[in-house]
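Open the model in your viewer and keep the sequence panel beside it. Each stop below gives a selection and then what is there.

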Amino acid sequence: MPRPTGRVLTLLELLQSGGTRTVAELADRLGVEGRTVRRYVDHLIDLDVPVESVRGRYGGYRLAPGYRLPPLMLSDDEALAVLLGLVAGRRAGLTTTEHTASETASAKIRRVLPQHLARRLDTLLEALAFTDQPGDFDTPDAEVLLAVADAVRHRRPVSIRYTDRDGRRSERTLHAYGIVAHAGRWYVTGKDDRIGEDRTFRLDRIADARPLPGSFEPPVGPGPAQRVLSAFATAEYRHDVTLRIHGTVEQIRARLPATVASLETEEYESAAVADRATERWLRVELRVERLDWLPPVLASLDRPFVVERPDELRDLVVALADRLTSYARRA
């Protein structure tokens, strides 16, 4: 007697949705009797799908974690969402290890797509255009990423081997607060035990991550994303710039985002909407390698400002104003 393959696969899909399903519930969804459900479960077990039997009043069946993934049951919309996510992640640089992992995953899904769906996907990809160029970034090792994520979740110290931008290698103990994806790269932010201060590290520069005994409590205050943005804004560069700008926080952030500049009111994220919309004099601090890009940015702000330091920036602003004036007076 042939096996009812369609109903067995439907049973697998129901179990993959999570939780424990009672025999009565499964029988009702499949339109069969309880003993038939048990026979279908036996079919799945024969296929090495890890199905657990749960005893008790609310018992039934559930999928147990196995050493390999059971077959995935994706609808047309789900398959398209997964493939488009892989395409977007590849372009943004938000992949792990080699790009080949993303490409082989895409190829495996495409091989089993129904022909009508594969044609629709190809049509979409041919019609799809991006406004930016594909990212070309160093990607983190998957094991490192997962080890750090586990340390974040369980608030455990983690030992990392890190290579900085100058090629210097070191081993550090990190109390990791969170992982942040920003501008095509992965970062982890946390307290570096060696110096007792918060630091931000690129995950692709971590060669190894090992959990350590113990635990810690993350500090109150800004979340991991805000900490990473603040770290960029306060990084060591050639010039320290201090400005006073009259305007709202939102007006200033439109041209000087948190990755570039810090405001005297870093409580911006938690401030009331009315407070963020109030025009007032705000002190803005930047650390930059070059100054020549700042005068056009300040001009585009179209807000009153004062250059407190350095004098070189003030001279560049005056020079830009003179050039614009001379251009405007030309016949």
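**Stop 1: a glycine in a helix**

Select G34, which is found in helix 3 (residues 34-46). Helices here are DSSP runs of H or I with at least four residues, strands are runs of E with at least two, and both are numbered from the N terminus. This is a predicted model: local features need pLDDT of at least 70, side-chain atom pairs count only at pLDDT 80 or more, and totals for chains, interfaces and linings use all residues. Residues are numbered from 1 along each chain as its sequence is written, and side-chain values use heavy atoms, with hydrogens and water left out.

Is G34 buried or exposed? G34 is partly exposed, at a relative accessible area of 22%. The scale: buried is under 20% relative accessible area, exposed is over 50%, and partly exposed lies in between (1.4 Å probe, protein chains only).

Now add V23. The C-alpha atoms of V23 and G34 are separated by 5.9 Å, with their positions 11 residues apart along the chain. Setting aside neighbours within four places in sequence, G34 is in contact with V23 and A27. Contact means heavy atoms within 4.5 Å.

**Stop 2: the five-stranded sheet**

Select strands 3 to 7. These five strands form an open sheet in the order 6-5-4-3-7, with antiparallel pairing. Strand 6 (197-202) and strand 7 (206-211) stand at the edges; each has a single partner strand, so one side of each is left without a neighbour in the sheet. On average, neighbouring strands of this sheet are turned by 45° against each other, direction ignored. Two strands count as paired if DSSP finds at least two bridges between them.

Zoom in on strand 3 (residues 158-163) and strand 4 (residues 169-182). Six bridges join this antiparallel pair. For one of the paired positions, pick I160: its bridge partner in strand 4 is R172.

Next, pick S159, also in strand 3. S159 is buried, with a relative accessible area of 5%. Its side chain makes a polar contact of 3.1 Å with the side chain of E171. A polar contact is a pair of N or O atoms within 3.5 Å; within protein, one must be able to donate a hydrogen and the other to accept it, and residues adjacent in sequence count only if both atoms are side-chain atoms. Beyond four places in sequence, the contacts of S159 include D208, A209, R210 and L212.

**Stop 3: the helix across the sheet**

Select helix 7 (residues 142-154). Helix 7 lies across strand 3, strand 4, strand 5 (185-192) and strand 7, and runs at about 80° to strand 4. Axes are lines fitted to C-alpha atoms, for helices over the stretch in contact; angles run from 0 to 180 degrees between N-to-C directions.

Colour V144, L145, A147, V148 and A151: these residues of helix 7 are buried. Looking down the axis, the buried residues fall within an arc of 165°, so they line one face of the helix. The arc is that of the directions from the helix axis to the C-beta atoms. Their cover includes strand 3, strand 4, strand 5 and strand 7. On the other side of helix 7, E143, L146 and R153 are exposed.

Check both ends. D141 caps the N-terminal end of helix 7, with a side-chain oxygen 2.9 Å from the backbone nitrogen of E143. After helix 7 comes R155, whose phi is positive, near 55°.

**Stop 4: strand 10 and its partners**

Select strand 10 (residues 280-288) with strand 8 (residues 239-247): nine bridges join them, antiparallel. R244 has R283 as its bridge partner in strand 10. Finish with strand 9 (residues 261-263), which pairs with strand 10 in the antiparallel sense over three bridges.
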